[in-house]
Amino acid sequence: MYLGLLVATLFFLLPIYLLVVTAFKTPDAINLASTWHLPKGLNWASFSDAWGKIGGNMGNSVFLAVTATLLSSVIGSVNGYALSKWKFRGANTLFAFMLFGMFIPYQSVLIPLFQFVKSLGLYGSIWALVLAHVVYGIPITTLIFRNFYADVPDALIEAATIDGAGFWSIYGKVIFPISIPGFVVVIIWQFTQVWNEFLFAATLTSTSSQPVTYALSQLAGGQAVSWNLPMAGAILAAIPTLLIYIVLGRYFVRGLLAGSVKG
């Protein structure tokens, strides 16, 4: 079993190996015959050149991912709290409609979304992407938090209500402090989705507000491609998501075990 897992691991790491060795090669050393060969030297210029082309876009992606992730996480948390602990008429129907939003392909709403964003005067700005990703993130964040809060004892809410606490007071003093595992799961999920998205980035933004995913596609454009640049750029673009998983990885597992994606 372990031998099979080792072989599978090596197989899945092959693209990573190719990515790294190509990034450290000079353009004249990249050809079909030497694709899998180790570089003769470490060409760090690939990373500085790639950063010079995508550095500004990295800043756009950081702002986009952090803002959209935090907003959709907080909205999903409040939605999940209301739908799980404050039952009202039509709550299940509303929740079903929210979940339906998870299955709507980006391509099917691209034209009306473009027209809507343009009517708001947001077309070409980073806020157009923030709005799109917050709205698209609400269904999955609501689902995760609703299932997470379903495990919170109703007696806890009832006790707070008897003490005179209202909807927002209970959320702020009782529910939010115990929501850290759920927030970790949602933040990792949303940050990764927003960071890696390309379609909205290519259609809703202008040059000054484009995220790093679109900038990476431009590194590989043209007839003659210096493959060390897009490979180095891909490594740079992957660092933020890797850091998120490294820092929050163990809490992510705890969040899963706490039932945040159960049901």
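Lys85 is buried, with a relative accessible area of 14%. That makes a good starting point for a tour of this predicted model, as Lys85 takes part in a salt bridge.

**A bridge between two helices**

The partner of Lys85 is Asp154, and their side chains meet with 2.7 Å from N to O. Where along the chain do Lys85 and Asp154 sit? Lys85 belongs to helix H2, while Asp154 belongs to helix H6, which covers residues 154-162. The two are 69 residues apart, so the pair links distant parts of the chain. How much of Asp154 is accessible? Its relative accessibility is 46%, and Asp154 therefore counts as partly exposed. Buried means under 20% relative accessible area, so Lys85 at 14% falls on the buried side of that cut-off. The count of salt bridges by the rule used here comes to one.

**The whole chain**

Now step back and look at the overall picture. How many helices and strands does the chain have? There are eleven helices and zero strands. Following the sequence from its start, you read the pattern α-α-α-α-α-α-α-α-α-α-α. Along the principal axes, the C-alpha atoms fill a box of roughly 75 × 55 × 30 Å. The chain has 263 residues, and 41% of them count as buried.

**How H2 and H5 cross**

Two packed helices are described by the angle between their axes and the distance between the axes. Here is an example you can find in the structure. Helix H2 spans residues 45-85 and helix H5 spans residues 126-149; their axes come within 6 Å and cross at roughly 35°. The crossing of H2 and H5 is right-handed. What kinds of residues make up the contact of H2 with H5? They divide into 15 nonpolar, 13 polar and two charged.

**A nonpolar patch on the surface**

Next, turn to the beginning of the chain. Leu3, Leu6, Val7, Leu10, Leu13, Ile16 and Val20 make a nonpolar surface patch of about 640 Å². One of these residues, Val7, has its place in helix H1, which runs over residues 2-23.

**Four residues and their distances**

The table pairs four residues with others along the chain and gives C-alpha to C-alpha distances.

| Pair | Apart in sequence | Apart in space |
|---|---|---|
| Ile111 and Asn92 | 19 residues | 30 Å |
| Ser46 and Pro230 | 184 residues | 8.9 Å |
| Phe200 and Val134 | 66 residues | 12 Å |
| Gly124 and Gly55 | 69 residues | 19 Å |

Let us visit the residue named at the start of each row. Ile111 lies in helix H4, made of residues 110-119. Is Ile111 buried or exposed? With 60% relative accessibility, Ile111 counts as exposed. The cut-off for exposed is over 50%, which is why a value of 60% places Ile111 in that class.

Ser46 is found in helix H2, the helix that also holds Lys85. At 0% relative accessibility, Ser46 counts as buried. Although Ser46 and Pro230 are 184 residues apart along the chain, their C-alpha atoms are separated by 8.9 Å.

Phe200 has its place in helix H9, which covers residues 199-204. Is Phe200 buried or exposed? Phe200 counts as buried, at 0% relative accessibility. From Phe200 to Val134 the sequence separation is 66 residues, and the distance in space is 12 Å.

Gly124, finally, sits in the loop between H4 and H5. Its relative accessible area is 11%, so Gly124 is buried. Gly124 and Gly55 lie 19 Å apart in space, C-alpha to C-alpha.

Conventions:
Residues are numbered from 1 along each chain as its sequence is written. This is a predicted model: local features need pLDDT of at least 70, side-chain atom pairs count only at pLDDT 80 or more; totals for chains, interfaces and linings use all residues. Side-chain values use heavy atoms; hydrogens and water are left out. Axes are lines fitted to C-alpha atoms, for helices over the stretch in contact, and angles run from 0 to 180 degrees between N-to-C directions. Helices (H or I, at least four residues) and strands (E, at least two) are DSSP runs, numbered from the N terminus. A crossing is left-handed if the near helix is turned anticlockwise from the far one by less than a right angle, and right-handed if clockwise. Ala, Val, Leu, Ile, Met, Phe, Trp, Tyr, Cys and Pro count as nonpolar, Asp, Glu, Lys and Arg as charged, and the others, Gly among them, as polar. Patches are made of residues with over 30% relative accessible area and no salt bridge: like charges are joined within 9 Å, nonpolar side chains (Val, Leu, Ile, Met, Phe, Trp, Tyr) within 5 Å. Accessible areas come from the Shrake-Rupley method with a 1.4 Å probe; for residues, only the protein chains shown count as cover. A salt bridge is a side-chain nitrogen of Lys or Arg within 4 Å of a carboxyl oxygen of Asp or Glu. Buried means under 20% relative accessible area, exposed over 50%, partly exposed in between (1.4 Å probe, protein chains only).
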